[in-house]
Amino acid sequence: MSLTDWIVLVITLLAIVIYGVWKSGSNKNIDQYLGSRSLPWYHVGLSVMATQASAITFLSAPGQAYSDGMRFVQFYFGLPLAMIVLCITFVPIFHKLKVYTAYEFLEKRFDLKTRVLTSFLFLIQRGLSTGITIYAPSIILSGILHINTTYTTLFIGGLVLFYTVYGGAKAVSYTQLLQMTIIFSGMFLAGVFVVMLMPADVGFIKSIKLAGNLGRMNVIDWKFDPDNRYNIWSGIIGGFFLQLSYFGTDQSQVGRYLTGSSVGQSRLGLIMNGLLKIPMQFLILLIGVLVFSFYQFNRPPVFFNNYEVEQVKKSSYATQYNYLEQQYTEAFKQKKIKANELVKAIDSNNPEQVSHAQDALKLANVQAGIIRQDAIAVIKKNNENANTDDTNYVFLTFVTHYLPKGLIGLLIAIIFLASMGSTASGLNSLASTTVVDIYKRIIKPDASDKSYVTASRLATIFWGLVCIVMALYASKMGNLLEAVNQLGSYIYGTILGVFIVAFYIKRINGTAVFIAAVLTEAIICIMGYYNAVAYLWLNAIGCVGVIIIAAILNGFLKPGKPLEKASGN
C-alpha cells in the first residue's frame with residue numbers, strides 16, 4: 001500500500017475508536033454497560049446489520065460469489081419472515097421483562113438448569129464465531145505487511161478489546177452507526193471501479209451477461225435437494241429457522257435491539273434490517289461476480305493468498321511453481337481471447353454463436369483451473385499445513401492491485417471496521433451472558449453495580465483472549481462466511497426449539513425441555529459430523545427435534561416426580 005493508503009487507514013480506525021469512546025461516556029452501572037435502552041430505531045437497525053455484517057461478509061462474500069456464483073443470497077430468503085415473527089413475539093416479551101440477556105426469560109419460564117444450558121450453548125457458538133471474525137482482518141494485515149497472522153490477530157484483538165471494555169454496548173452501537181455509513185459508501189465505490197476498470201467495450205450489463213454465461217448468476221435454484229447447501233427451499237425453510245434463532249436467541253443480536261428506547265423502536269430497527277439485508281448481500285455478492293468478469297480480461301494470480309505464494313517461492317519448489325505460473329500466463333492469454341469472442345457473440349444476439357463462444361470460454365477456464373490445481377499441489381508439498389482455500393483473498397487482491405490510492409486504504413479500513421463492530425458485539429454479548437446468567441445469578445447474586453461492571457470488563461477480557469486463541473485456528477476452516485454459518489447451524493436450532501416451547505407450549509415443563517435439548521444437540525452434532533444433510537437444514541431439524549422430544553418426555557416427567565423435584569422446580 002502507498003503512504004496515502006496508510007494515512008487513510010490509520011485515521012479512519014483511530015477516528016472510529018475515539019468517537020465510540022467519547023459518545024459512550026462513562027458507564028457507572030451494569031444497565032449502561034450492557035445495554036442502555038435509549039437508542040432510536042435507525043441506530044438499532046444499523047447496529048443489528050453491522051453486528052451481522054462482519055469483516056467476513058466484505059472479505060469472504062465476494063470470494064464466495066467469485067468461485068460459486070450468486071446462489072449464496074438464497075441463504076437470506078427466510079430473513080424477512082423471521083423478522084416478522086420476532087417483532088410479534090420476541091421483542092415485546094424481552095422488553096416487558098426488562099432482561100439483559102435472552103436466557104433470563106428461560107429461568108422465569110422453566111428453571112435455572114435450562115437457562116444455564118442455553119447460555120452455555122450460546123457461549124460456545126459465539127466464542128468460536130467471534131474468533132473467526134478476529135481472524136478475517138488479520139488476513140489483510142498479514143498480506144500487506146508480509147508477517148505472520150499471529151501478530152496481526154493480537155493487534156486486532158487488542159484494539160477491539162480496548163474500546164469494548166471501556167465503552168460497553170453503547171460504544172459498540174455508536175461506532176456501528178458510523179461504520180455502516182462508511183461501509184455502504186466504500187462498497188458502492190468498489191463496485192463502480194470494478195465496472196470502470198473493464199475493457200472499453202465491456203460495461204456493467206455485458207459483465208453480468210458474461211458471468212451469467214459462465215454460471216455465476218445462479219441467483220435462484222428451485223430444485224429441492226437436501227444435500228444442496230443453497231437453493232430456495234433451504235434458504236426459506238432452513239434459513240428462516242437459522243435467522244429466527246440468530247436474531248431471537250443469540251445475545252449478540254438480542255443485545256443490539258434491546259438498546260432500543262421502546263418496543264416500537266426495536267421493531268422498526270428489525271424491520272429495517274429485514275428490508276435492507278437481502279439487497280445489501282445481493283450487491284456485495286454482485287461485486288464478487290463483477291470481479292470474476294474482470295479477471296476474464298485481466299490476469300488473476302495463480303493463487304490469491306500472497307503469503308503462501310511467497311513461502312513456496314522461497315523454497316526448493318520455486319522453479320516448479322514459477323514454471324506453472326508461466327503456463328498459467330499462456331493459458332490466460334487464450335482465455336482472454338475467448339472472453340472477447342463471447343462479448344462479441346453477446347453483441348450479435350446470435351444464440352448459436354453465443355453458445356459456441358460460451359463453451360470455448362468455459363473450456364479455457366477449465367484448462368487454467370487445472371494449472372491452478374497443480375500450483376496448489378506444489379504449495380501443499382512445500383507445507384502440509386498451508387491454507388489452500390484462497391477465496392477469502394480474492395476481493396482483497398483486487399482491491400490492493402487495481403484500486404486508486406486512498407480508496408485502497410478506505411476499503412481496507414472498511415473491512416477492519418466491520419470486524420471491529422461485529423467482534424465488539426460478540427465480546428459484549430459473551431460478557432453480558434457470562435455475568436448476568438452465570439456470575440450474577442449463581443456466583444454473586446447480591447453484589448454492587450460497580451462489582452458487576454468490573455466483572456463485565458473482566459469477562460470481556462477473558463472472552464477476548466479465548467476468541468484470539470480461536471482465531472489462530474480459523475485458517476483451517478475454508479471460506480469464513482460459510483464457516484460461521486455452519487458453526488451456528490450446529491447450535492441455533494436447539495436453542496430456538498427451547499424458546500419456541502417457552503413461548504408457545506405452556507404445558508411442557510423445564511426438565512422435559514432440558515433433556516430434549518441435550519438429546520437433540522447430540523443428534524445434530526452426529527448429523528453434522530457425517531454430513532447427513534446440507535447444514536442449513538440442521539437448524540430446522542434441531543428446532544423441531546427439541547419440540548417433539550420435549551412433548552414426548554413431558555408425559556413421563558409430570559411435576560412432583562423425583563427428577564422434577566431434583567431440578568429445583
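## A walk through a helical model

The secondary structure of this protein comes to 23 helices and 0 strands, and the reader should keep in mind throughout that the model is predicted. Of its 569 residues, 59% count as buried. When contacts between residues at least 6 apart in sequence are taken together, 86% of them join residues that lie at least 24 apart. On the outside, the protein exposes about 21900 Å², and carbon and sulfur atoms supply 65% of that area.

One part of this surface is a nonpolar patch of about 570 Å², made by Trp 41, Tyr 42, Leu 268, Ile 271, Leu 275 and Leu 276. Two elements give two or more residues to the patch, namely helix 3, which covers residues 41-52, and helix 12, which covers residues 263-294. Helix 12 gives the most, with 4 residues. From the other helix comes Tyr 42, whose place is in helix 3; Tyr 42 counts as partly exposed because its relative accessibility is 40%, a value that lies between the limits of 20% for buried and 50% for exposed.

From the surface we can turn to open space. Rolling a probe the size of a water molecule over the atoms shows where empty space is left. The second largest pocket of the model has a volume of about 460 Å³, and 25 residues line this pocket, with Tyr 66, Arg 216, Phe 292, Asn 365 and Arg 372 lying nearest its centre. Helix 4 (55-68), helix 14 (318-348) and helix 15 (351-382) each supply at least two residues of the lining, and helix 15 gives the most to it, with 8 residues.

The charged side chains offer another way to read the fold. Side chains of opposite charge can pair when their charged atoms come close. If a salt bridge is taken as a side-chain nitrogen of Lys or Arg within 4 Å of a carboxyl oxygen of Asp or Glu, the count comes to 10 salt bridges. One of them joins Arg 71 to Asp 68, with the closest N and O atoms 2.6 Å apart; Asp 68 is partly exposed, since its relative accessible area is 24%.

Other salt bridges involve Arg 115. Glu 107 forms a salt bridge with Arg 115 in which the closest N and O atoms are 2.6 Å apart. Glu 107 counts as buried because its relative accessibility is 17%, and Arg 115 also counts as buried, at 5% relative accessibility; the cut-off behind both statements is that buried means under 20%.

Where, then, does the partner Asp 437 come from in the chain? The side chains of Asp 437 and Arg 115 meet in a salt bridge at 2.6 Å, N to O, and this pair links distant parts of the chain, with Asp 437 in helix 17 (residues 407-443) and Arg 115 in helix 7 (residues 112-145), 322 residues apart. Asp 437 is buried, because its relative accessible area is 0%. Through shared partners, salt bridges join Glu 107, Arg 115, Asp 437 and Arg 441 into one network.

Methods:
Residues are numbered from 1 along each chain as its sequence is written. This is a predicted model: local features need pLDDT of at least 70, side-chain atom pairs count only at pLDDT 80 or more; totals for chains, interfaces and linings use all residues. Side-chain values use heavy atoms; hydrogens and water are left out. Patches are made of residues with over 30% relative accessible area and no salt bridge: like charges are joined within 9 Å, nonpolar side chains (Val, Leu, Ile, Met, Phe, Trp, Tyr) within 5 Å. Accessible areas come from the Shrake-Rupley method with a 1.4 Å probe; for residues, only the protein chains shown count as cover. Buried means under 20% relative accessible area, exposed over 50%, partly exposed in between (1.4 Å probe, protein chains only). Contact means heavy atoms within 4.5 Å. On a 1 Å grid over the protein atoms alone, a cavity is a set of points where a 1.4 Å probe fits but cannot get out, and a pocket is an open set with protein on both sides within 12 Å along at least five of seven lines; lining residues have an atom within 4 Å of a point. Grid points are joined across faces, edges and corners, and a volume is the space filled by probe spheres set on the points.
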